[in-house]
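Notebook open, model loaded. I want to go through the packing of helices, sheets and chains one item at a time.

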Amino acid sequence: MAAGKEALKAVLIDLSGTLHVEDTAIPGAVDALKRLRESHIPIKFVTNTTKESRRCLYERLVALGFELREDEIWSSLWAAQDLLRRRNLRPMLMVDDAALEDFTGLTDVKEEEQNAVVIGLAPNMFNYSHLNKAFRLLLTGAPLIAIHCGRYYKRSDGLALGPGPFVKGLEYASDCESEVVGKPSPAFFQSALGDINPAHAVMIGDDVRDDISGAQALGMRGFLVQTGKYRTGDESRISPGPAVVCSHFSEAVDILLKEYSVSGRDS
Amino acid sequence: MSALENSRVTGVLLDVSGVLKDGETAIPGSVEAIRKLREAGLTIRFLTNETQMTRRKLAASLIDLGFCLQERDIIPPCPALVTLLKRENMRPHLLVHPDILPEFDGIDKSNPNCVVVSDAADNFTYENLNEAFRVLINMEKPRLFSLGRGKYYSDNGGLTLDVGAFTAALEYAADIKAEVIGKPQPEFFMSVLRDMRVEPQEAVMIGDDIVGDVGGAQNCGLTGVLVRTGKYRSSDEKHPTVHPDAIVDDLAQGVDLILKSRK
């Protein structure tokens, strides 16, 4: 394993299912994060959210005892606002009200000045008149940016349509292809890494497709943890399989520190 | 334009929205063009994917605009669907425009075993789409019928989402393929031609939808003519797969072309 391994420049860590499940930290995860920090390797926390702002995610993790900075969190919503700012886009935002605080300065673009469509989860905007506005913008060549393409999600009264169907409907009508900013899009992992070469980075997560397969497609090494949504046999569902499979986050950190400190001394 | 020369055109199929009218206004020259076709003795049918009003109401509105036609000349997809629903003992959950509900009067809609989606316009709310999705996801063998699957149409000069966008959304959500009734489905064209007693090679279709009208007609062996009115966009002339036999500025020019070809 150590042969050919590059120096470690960044660790990306999934949140839900990897560090915590709902309001409970995964056993050993708080201490493991402390141990990882002692290595001074840059860390980013990466997650797909359509609703929770960065501040909201930060406050939850702090309450669970994790030590982190708010700017270490890289969510799909945050990646969307980053993309908008980098490309100087003025969006029509179809996102949940709670998500708007991630888009400071981008929320009140006048209709005639909009030149991009962003779709998160916004059931109150998924109707004929708003979709028509989005459609007409797309016909002028505006990019269609999707926070993610989930088909449906579980609501208290049963299954409910996610953003995906509305993204696909708009793609069909306007003959365009959306840019998906969340996991597992390679662009998502690259934007979290910034200038760091993916070959020098590791992704730790519980979702074999969204976390591991997505990161490995970009050239990162994927560490699959067997917590959260992990189901027996998940590691054989992707090819190539995860670089490392470990029982939980704490073990992932131990393996990482051991592997890379050895390779560090060697080189 | 050469495709129309030396042809023996005996039947003409016309799209309605974007060809005869745009919104509630007749497209200039189109009333006169229909009169000329009739005077020349050609058999005419109006082949439309219109599902925002009943056939009766559509006929009345076109007659009001001055068009010379009868209700039976208009072929919308709804009657064909109703026939199919009855034949296959289908009990539909309807996601349609309230104005076409009367077309489904004789159909059992209890305990649905399929979903029908058409251009429901303002009825395309999140909750209505969600309800249709839940009916589909709870079926053992989900069936979704779509009345046409147009991408968009022109309504009073502005482009507006058509049923196809919502059909695509439901298909993706429930991971199924819809069954389309209406243009560009071949059976829709062929059954009209049978009724007209016109062979495909003797028929011309004129429409503003490059895929639904022109492509659909050409697939059945008809001549397909695209008009530069309605939802027409200049990019239609560079369509990757559909190449119209002729492109004309409007219906009036298309009709002149047909009449000239018969002399």
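Before I call any hand: a crossing counts as left-handed if the near helix is turned anticlockwise from the far one by less than a right angle, and as right-handed if clockwise. Also noted up front: this is a predicted model.

**Entry 1: helices 4 and 5 of chain B**

I applied that convention to helix 4 and helix 5 of chain B, and their crossing came out right-handed. Their axes sit 10 Å apart, at an angle of about 40°. Angles under 35 degrees would count as roughly parallel, so I have to log helix 4 and helix 5 of chain B as oblique to each other.

Next I listed who does the touching. Helix 4 of chain B brings L129(B), A132(B), F133(B), L136(B) and I137(B), and helix 5 of chain B answers with F166(B), A169(B), L170(B), A173(B) and A174(B). What classes do the residues of this contact fall into? I got ten nonpolar, no polar and no charged residues for helix 4 against helix 5 of chain B.

**Entry 2: chain A against chain B**

I then turned to the contact between the chains, which takes 23 residues from chain A and 23 residues from chain B. On the chain B side, helix 4 (126-137), strand 10 (158-161) and helix 5 (163-174) each put in at least two residues. Which element of chain B gives the largest share of the side that touches chain A? I found helix 5 of chain B there, with eight residues. Sorting the chain B side by class gave me 16 nonpolar, four polar and three charged residues.

**Entry 3: helix 5 meets helix 5**

With helix 5 of chain B turning up again, I looked at how it packs on helix 5 (residues 163-174) of chain A. The axes of the two helices are 7 Å apart and the angle is about 140°. Roughly antiparallel needs an angle over 145 degrees, so helix 5 of chain A and helix 5 of chain B go down as oblique to each other. I have this crossing as right-handed.

From helix 5 of chain A, I wrote down G164(A), P165(A), F166(A), K168(A), G169(A), L170(A), Y172(A) and A173(A). From helix 5 of chain B, the contact uses G164(B), A165(B), F166(B), A168(B), A169(B), L170(B), Y172(B) and A173(B). By class, I count this contact as twelve nonpolar, three polar and one charged residues.

**Entry 4: helices 1 and 8 of chain B**

Is this pair parallel or antiparallel? I find the axes of helix 1 (residues 30-39) and helix 8 (residues 251-261) of chain B coming within 8 Å and crossing at roughly 20°. That makes helix 1 of chain B roughly parallel to helix 8 of chain B. The hand of this crossing is left-handed.

Helix 1 of chain B contributes S30(B), E32(B), A33(B), K36(B) and L37(B), while helix 8 of chain B contributes L251(B), A252(B), V255(B) and L259(B). My class tally for helix 1 with helix 8 of chain B is six nonpolar, one polar and two charged residues.

**Entry 5: the domains of chain B**

I looked up how chain B is divided: domain 1 is 2-76 + 183-261, and domain 2 is 78-181. The C-alpha centres of these two domains of chain B are 25 Å apart. Domain 1 of chain B gives 17 residues to the contact and domain 2 of chain B gives 24 residues. On the domain 1 side, I logged three nonpolar, ten polar and four charged residues.

**Entry 6: strands of chain A**

I traced an open sheet of six strands in chain A, in the order 5-4-1-12-13-14, with parallel pairing. Strand 5 (73-75) and strand 14 (244-246) of chain A are the edge strands, each pairing on one side only. Neighbouring strands here are turned by 20° against each other on average, direction ignored.

At one edge, strand 14 of chain A runs parallel to strand 13 (residues 221-225) of chain A, and three bridges join them. I noted L224(A) with V245(A) as its bridge partner in strand 14 of chain A. At the other edge, helix 2 (residues 54-63) of chain A lies across strand 4 (43-47) and strand 5 of chain A, at about 130° to strand 5.

Last stop: strand 9 (residues 152-155) and strand 10 (residues 158-161) of chain A, which pair in the antiparallel sense over four bridges. A hairpin of two residues joins strand 9 to strand 10 of chain A. Y152(A) has L161(A) as its bridge partner in strand 10 of chain A.

Methods: Residues are numbered from 1 along each chain as its sequence is written. Chains are lettered from A and ligands numbered from 1 in the order in which they are written. This is a predicted model: local features need pLDDT of at least 70, side-chain atom pairs count only at pLDDT 80 or more; totals for chains, interfaces and linings use all residues. Two strands pair if DSSP finds at least two bridges between them. Two residues are in contact if their C-beta atoms, placed from the backbone, lie within 7 Å. Ala, Val, Leu, Ile, Met, Phe, Trp, Tyr, Cys and Pro count as nonpolar, Asp, Glu, Lys and Arg as charged, and the others, Gly among them, as polar. Axes are lines fitted to C-alpha atoms, for helices over the stretch in contact, and angles run from 0 to 180 degrees between N-to-C directions. Angles under 35 degrees count as roughly parallel, over 145 as roughly antiparallel, 65 to 115 as roughly perpendicular and the rest as oblique. Domain bounds come from an automatic or database domain assignment.
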